[in-house]
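Biologist: I have a structure open on my screen and I'd like to learn how to read it. Could you walk me through it, feature by feature?

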Amino acid sequence: MGSALLRVLVVWAVSALTMLVLAGLLPDFQLQSEDGDSLTRTALTAVLGAGVFGLLSALVWPVVVRALLLVPALLLGLLVFFLNGSLLLIALWLIPDGRGAAEPETAVVVAAAMSAVASATSTALAVRDDDAYRRRLYRLTDRRRRRAATGGPEPVPGALFLQLDGVGHRVLRDAVRDGLMPTVADWLDTTHRLTAWRTDWSSQTGASQLGILHGSNEDVPAFRWYEKDTGRLMVSNRPASAAELQRRAIERTGDGGLLTLDGASRGNLFSGGADQLALVLSMAARRGRANRSRAGYFAYFSDPANAVRTAGSFVAEVFRELTQSIRARLRKESPRVSRGGLYPFVRAFATVVERDVVVAAVMGDLLVGRTAVYADLVAYDEVAHHSGPHGRDAGLVLQRLDRAIAQIAKVAEHAPRPYRIVLLSDHGQSPGPTFEGAYGLTLKDLVRAGCGLPVPRRVGRTPSGSEARDAARDALRSALHRPVDEHEEEAEAARQVRGRPSEPIVLASGNLALVSFPDVPGRMTREQIELRHPALLRTLANHPGIGFLLVASEEHGSVVLAGDGVETPVAELKDDGPLAAFGPGAADAVRRTDAFPHVADIMVNSMCEPAAGTVHAFEEQIGSHGGLGGEQSRPFLLSPLGLSAPPAAPVGAEQIHEVLRGWLRESSGPQAPVEDSLPKSEAEELLPVDGQVGRDKNS
């Protein structure tokens with residue numbers, strides 16, 4: 001109690017001193033009356049102002065942050081500075097005799113500086129005397145050990161599953177070799193084993209995480225797809241779609257998910273049946289304060305020091321991205337995609353805000369001894385999409401992720417139960433220029449050309465000296481059988497008004513694309529497509545940027561089409577022939593997807609250069625995933641040696657679910673919550689963790 005009071009007094013004094021210094025430096029910030037005051041009187045005003053500001057931060061800030069749960073998450077970090085400045089203006093207004101005053105923009109600067117200094121001072125005081133924070137953890141841990149020794153058997157181990165989104169098996173090995181991830185390297189040398197596994201055809205988070213957490217990713221053909229029977233466009237990272245996918249998986253399996261018993265789901269697309277939720281997308285569409293996916297923000301940002309620190313890191317990350325983007329342009333790096341618009345803010349949210357909130361929530365989960373925790377850290381995946389999976393920018397993100405892993409592991413040492421920490425990824429990423437960058441037209445342009453529909457004028461004018469682009473233009477002209485009309489957009493609009501059949505829907509999911517004809521019920525066959533659009537399948541299959549197509553067939557059931565007239569019935573498909581470049585297991589992956597109820601009329605997978613593992617994304621990404629080809633289909637599983645060894649080469653997310661579920665069963669006793677020796681209030685004081693959120697109604 002005495003040391004805590006001393007810490008408060010020291011932080012108060014330092015904040016008051018900071019206020020005095022800023023009042024002397026900033027002309028629009030004053031702590032004196034208009035007639036002037038003595039130094040003593042000014043100092044007392046600073047002490048009073050700092051005290052009121054600190055009190056408001058402690059009392060008002062949590063209420064304000066809870067109200068901000070209604071604000072889009074991306075804006076939350078940007079609003080921190082404004083709200084902090086508002087609290088300072090209120091504090092100055094409360095100073096008697098009008099001795100405190102500041103312009104609004106100056107108040108923002110002063111409040112940010114005071115919060116930063118207070119946070120740094122508090123941290124320094126906690127570190128002093130051989131790390132007071134860690135000493136307190138040891139004391140609380142010893143209390144748990146004493147109770148365990150006198151009150152019953154040791155608690156069974158808990159499980160922490162940390163997903164490093166998009167980090168492929170090769171990327172992880174390279175990062176360890178290059179010294180970017182020393183924590184992971186140490187685990188590999190001493191306590192863990194590394195296993196590569198293979199994704200389904202749809203190598204993306206929606207399919208993989210649904211299979212891992214809920215045991216079934218049946219009928220998830222891609223990241224985006226159109227369902228003819230419902231008229232619904234499904235997008236894996238939309239709350240309504242995620243909620244529906246979770247509902248379907250639970251209905252198929254009859255099980256709530258991997259985390260149904262005392263579990264926590266942090267930063268994921270799906271809940272896994274957990275009671276404890278933070279930033280879970282499938283819950284975002286639900287109404288009611290308790291079920292909001294942003295509930296985890298309140299726990300973290302209710303501490304103003306956390307808010308200011310994360311907001312400062314957010315701003316720094318925005319400038320880091322701008323700097324890296326400018327450097328890439330000046331160096332004329334290739335391939336390269338646009339990184340302007342809102343992207344710097346999206347990146348900062350993924351690499352700073354999401355990371356900080358999820359890491360803090362996981363630490364809180366460990367300190368209260370939850371049985372199973374699954375958390376997703378998306379930073380690498382977001383950066384690699386735009387900077388490349390093997391670039392310097394992505395490497396820096398891996399370094400920061402390794403530090404977060406080390407931080408979590410250190411806290412796990414002080415948890416009321418031992419923890420087995422498993423690292424895994426949901427997919428990798430394959431590098432390569434975009435389809436449009438390589439050939440001068442989008443896949444949608446090519447589909448429209450094959451259907452005889454108007455194509456934007458820019459496609460016919462794409463300048464290129466490369467053979468690939470020449471071949472693409474030749475295919476386009478062959479499909480059109482006529483020059484590009486500069487008024488085609490207007491002509492097409494007129495045709496639609498006259499009731500012409502609707503256009504095909506083309507949806508990209510990395511280097512996998514789905515083409516659907518919404519006006520035709522059910523899955524169209526090859527024969528139906530060729531009758532309606534004779535040039536379409538030939539145009540697509542013979543394009544140099546496309547590896548193969550999957551279409552239904554009245555004659556063969558389903559067939560894979562590739563260049564030079566190659567066609568193979570799916571029933572006879574092997575990992576050679578048209579799928580040779582896509583690696584082992586490609587035939588089985590295609591066969592499985594072919595049986596899905598909502599497979600598209602035409603499934604299009606880009607080419608893959610097997611030696612380099614490069615593909616062509618059908619969207620603006622130079623590091624992509626979603627289809628077959630290269631490293632995207634080879635994620636990793638890093639597990640403790642104390643757990644049973646997984647299969648040598650697991651196949652599919654559903655098998656990973658079975659592996660993780662088996663590990664949860666391996667403890668020497670029933671998987672059950674431990675009796676908290678650490679009161680929840682104390683755990684939340686150490687590290688913020690959100691309160692209980694109502695169970696998913698579908699679990």
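Modeller: Let's start with a word we'll need: contact means heavy atoms within 4.5 Å. Keep in mind, too, that this is a predicted model.

Biologist: Fine. Leaving aside its neighbours within four places in sequence, which residues is Leu637 in contact with?

Modeller: Once those neighbours are set aside, Leu637 is in contact with Arg193, Leu194, Thr195, Trp197, Val422, Leu423, Leu424, Pro646, Ile656, Val659, Leu660 and Trp663.

Biologist: And how do I read a crowd like that?

Modeller: The general idea is that in soluble globular proteins, nonpolar side chains tend to be buried together. Here, the largest nonpolar core has 56 residues, and Leu637 is among those with the most contacts inside it, along with Phe161, Trp201, Tyr374, Val590 and Leu660. Helix α23 (residues 653–665) supplies the largest share of this core, six residues. There is also a second, separate core of 52 residues, which includes Leu160, Phe349, Ala415 and Ile421.

Biologist: What about nonpolar residues at the surface? Which ones make the nonpolar patch of about 350 Å²?

Modeller: Leu5, Leu9, Trp12 and Val47 make that patch. Helix α1 (residues 2–25) gives the most to it, with three residues. Take Trp12, which is found in helix α1: its relative accessible area is 37%, so Trp12 counts as partly exposed.

Biologist: On to charges. How many salt bridges does a search of the whole structure find?

Modeller: It finds 31. To read one, look for a side-chain nitrogen of Lys or Arg within 4 Å of a carboxyl oxygen of Asp or Glu. Asp200 and Arg592 make such a pair, at 3.3 Å from N to O. They link distant parts of the chain, 392 residues apart: Asp200 is in the loop between β4 (192–196) and α8, while Arg592 is in helix α22 (residues 586–594).

Biologist: Is Asp200 buried or exposed?

Modeller: Asp200 is buried, because its relative accessible area is 13%. Arg592 is partly exposed, at 25%.

Biologist: Can you show me a pair within one helix?

Modeller: Try Arg320 and Glu317, whose side chains meet at 2.1 Å, N to O. Both lie in helix α11, three residues apart, which is about one turn of the helix. Glu317 is buried, with a relative accessible area of 1%, whereas Arg320 is partly exposed at 32%. These two also belong to a network of salt bridges that links them with Glu321, Arg327, Arg339, Arg347, Asp393 and Arg400.

Biologist: And a pair with both partners buried?

Modeller: Asp365 and Arg370 form a salt bridge at 2.9 Å, N to O. Asp365 counts as buried at 0% relative accessibility, and Arg370 counts as buried at 10%.

Biologist: Last topic: the backbone. What should I look for there?

Modeller: Most residues other than glycine have a negative phi, and most peptide bonds are trans. Now look at Asp219: its phi is positive, about 65°, although Asp219 is not a glycine. Asp219 lies in the loop between α8 (205–214) and β5 (224–227), and is buried, with a relative accessible area of 7%. Leu279 also has a positive phi, near 55°. Its loop runs between β8 (276–278) and α10 (295–301).

Biologist: Which residues does a cis peptide bond join?

Modeller: Ser334 and Pro335, with omega about 0°. You'll find Pro335 in the loop between α11 (304–330) and α12 (343–367).

Notes:
Residues numbered from 1 in each chain as written. Predicted model: local features only at pLDDT ≥ 70, side-chain atom pairs only at ≥ 80, totals over all residues. Heavy atoms only, no water. Helix = DSSP H or I, 4+ residues; strand = E, 2+ residues; numbered from the N terminus. Buried < 20%, exposed > 50% of the residue type's maximum accessible area, 1.4 Å probe, protein only. Patch = residues over 30% accessible without salt bridge, like charges linked within 9 Å, V, L, I, M, F, W, Y side chains within 5 Å. Areas by Shrake-Rupley, 256 points an atom, 1.4 Å probe, with all protein chains shown as cover. Core = buried A, V, L, I, M, F, W, Y, C linked by side-chain atoms within 4.5 Å.
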